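Reader: Let's go through this model together. I'll ask, you answer.

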Amino acid sequence: MSKDALRQYHTGYTFNISYKKGPLTFYYNGNELKYIEHIYTWGHTTYKDEFYVWDDQLFFQYTTQVIRYKDYRKKGVIKSDVKNITLTLEDRFYFKNRKAIKCQFKSFQNHNDSIKITTHRVRNITTECDLAENVLEKFDILKKLQAKEVESAKELPKSISKTYQPNLNHTAFQQN
C-alpha cells in the first residue's frame with residue numbers, strides 16, 4: 001500500500017448521553033490522523049461534526065445541524081396546511097496553535113413547497129469565538145477515543161486509494 005493512501009477507521013459507539021449513538025470515522029494519511037467525522041442524531045436534529053487535522057493539531061472544524069419540524073397553519077374553519085421545514089445551522093472554526101482565529105456562522109430554512117436554498121447561496125457571518133473552547137474539548141475527547149480504539153494505524157481495516165478520472169477533471173477517492 002502506498003504511504004500516501006488515505007485510510008479510514010469507522011466505528012459505531014455509545015458515548016456520553018448528550019451525544020447519543022452515531023458513527024465516528026477517523027481518516028489517516030499513512031499513520032497520520034487527518035480528519036474526523038462524527039455524525040449523531042438527537043430528537044429531530046441531526047449533527048455532523050468534521051475536524052480537519054494537520055501535524056496532529058486541529059486547524060478547522062465544521063459543524064452542520066439539520067433540524068426538521070412541521071409548521072401548521074389554519075387554512076379555513078376545518079382545514080389546516082402543513083409545511084415540512086428544515087432549518088440548517090452551520091458553524092466554522094479556524095484554529096492556529098489551539099487558538100481560534102476566525103469563527104463563522106450561517107443559517108437557512110427550506111420549506112417543502114418552495115425552491116430549495118443551498119449552503120453556497122447563503123453568506124457566512126463572522127461571529128465571536130465563544131464556543132471555540134467547546135470545539136477543542138470535543139476534538140480532544142474524540143481524539144482520545146480514537147487512540148483507545150486504534151492502537152496502530154498500520155492495521156486499519158479499510159483503505160482508500162487515489163485514482164484520476166480524466167473526464168471528470170478532478171481527483172476522486174475510491175474505496176478498495
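Reader: How many residues does the protein have, and what percentage count as buried?
Author: The model is predicted. The protein has 176 residues, and 36% of them count as buried.

Reader: How many helices and strands are there?
Author: The secondary structure comes to 2 helices and 10 strands.

Reader: In what order do the elements run from the N terminus?
Author: The order is β-α-β-β-β-β-β-β-β-α-β-β.

Reader: And contacts between residues at least 6 apart in sequence: what percentage join residues at least 24 apart?
Author: That share is 37%.

Reader: On to packing. How many residues are in the largest nonpolar core?
Author: The largest nonpolar core holds 17 residues. Ile-36, Phe-51, Leu-58 and Phe-95 have the most contacts inside it.

Reader: Which elements give two or more residues to this core?
Author: Strand 2 (21-29), strand 3 (32-42), strand 4 (45-54), strand 6 and helix 2 (132-149) do.

Reader: Which one gives the most?
Author: Helix 2, with 6 residues.

Reader: Take Leu-58. What does it touch, leaving out residues up to four places away in sequence?
Author: Leu-58 touches Phe-51, Tyr-52 and Phe-95, plus Val-135, Leu-136 and Phe-139. Two of those names should look familiar: Phe-51 and Phe-95 are also among the core residues with the most contacts.

Reader: Now Leu-33. Buried or exposed?
Author: Buried. Leu-33 has 7% relative accessibility, and it counts as buried because the limit is under 20%.

Reader: Where is Leu-33 found, and what does it touch beyond four places in sequence?
Author: Leu-33 is in strand 3. Its contacts beyond that range are Phe-26, Tyr-27, Tyr-28, Val-53, Lys-143 and Gln-146.

Reader: How far apart are the C-alpha atoms of Leu-33 and Asp-55?
Author: They are separated by 8.3 Å, and the two residues are 22 apart along the chain.

Reader: Switching to pockets. What volume does the second largest pocket have?
Author: About 160 Å³.

Reader: Which residues line the second largest pocket?
Author: The lining consists of Val-66, Arg-68, Thr-86, Thr-88, Glu-90, Phe-108, Asn-110, Lys-116, Ile-117, Thr-118 and Thr-119. By class, there are 3 nonpolar, 5 polar and 3 charged residues.

Reader: Which strands each supply at least two residues of that lining?
Author: Strand 5 (57-74), strand 6 (80-96) and strand 7 (99-111). The largest share, 3 residues, comes from strand 6.

Reader: Glu-90 caught my eye. Where is it found?
Author: Glu-90 sits in strand 6.

Reader: Is Glu-90 buried or exposed?
Author: Glu-90 is buried, with a relative accessible area of 3%. It is also one of the residues lining the second largest pocket.

Reader: Which side chain does Glu-90 join in a polar contact?
Author: That of Arg-92, at 3.1 Å.

Reader: What else is Glu-90 in contact with, leaving aside neighbours within four places?
Author: Tyr-62, Thr-63 and Thr-64 are on the list, as are Gln-104, Phe-105, Lys-106, Phe-108 and Thr-119. Of these, Phe-108 and Thr-119 are among the pocket lining too.

Reader: What about Leu-87? Where is its place?
Author: Leu-87 is in strand 6. At 21% relative accessibility it counts as partly exposed, because buried means under 20%.

Reader: Which residues is Leu-87 in contact with, beyond four places in sequence?
Author: Gln-65, Val-66, Ile-67, Tyr-69, Phe-108 and Gln-109. Leu-87 and Gln-109 are 22 residues apart in sequence and 4.4 Å apart, C-alpha to C-alpha.

Reader: And Ile-67 with Leu-87: how far apart in space?
Author: The C-alpha to C-alpha distance is 5.1 Å, with their positions 20 residues apart in sequence. Ile-67 lies in strand 5. Beyond four places, Ile-67 is in contact with His-44, Thr-45, Ile-85, Thr-86, Leu-87 and Leu-89.

Reader: Last topic, backbone angles. What is phi of Asn-97?
Author: Phi of Asn-97 is near 55°, a positive value in a residue other than glycine. Asn-97 is in the loop between strand 6 and strand 7. It is exposed, at 64% relative accessible area.

Reader: And phi of Arg-98?
Author: Near 65°, again positive in a residue other than glycine. Arg-98 lies in the loop between strand 6 and strand 7. Arg-98 counts as partly exposed, at 34% relative accessibility.

Methods:
Residues numbered from 1 in each chain as written. Predicted model: local features only at pLDDT ≥ 70, side-chain atom pairs only at ≥ 80, totals over all residues. Heavy atoms only, no water. 1 Å grid on protein atoms, 1.4 Å probe; cavity = no way out; pocket = protein on both sides within 12 Å on 5 of 7 lines; lining within 4 Å. Points joined across faces, edges and corners; volume = space filled by probe spheres on them. Nonpolar A, V, L, I, M, F, W, Y, C, P; charged D, E, K, R; others polar. Core = buried A, V, L, I, M, F, W, Y, C linked by side-chain atoms within 4.5 Å. Buried < 20%, exposed > 50% of the residue type's maximum accessible area, 1.4 Å probe, protein only. Contact = heavy atoms within 4.5 Å. Polar contact = N/O pair within 3.5 Å; in protein donor to acceptor, adjacent residues only side chain to side chain.
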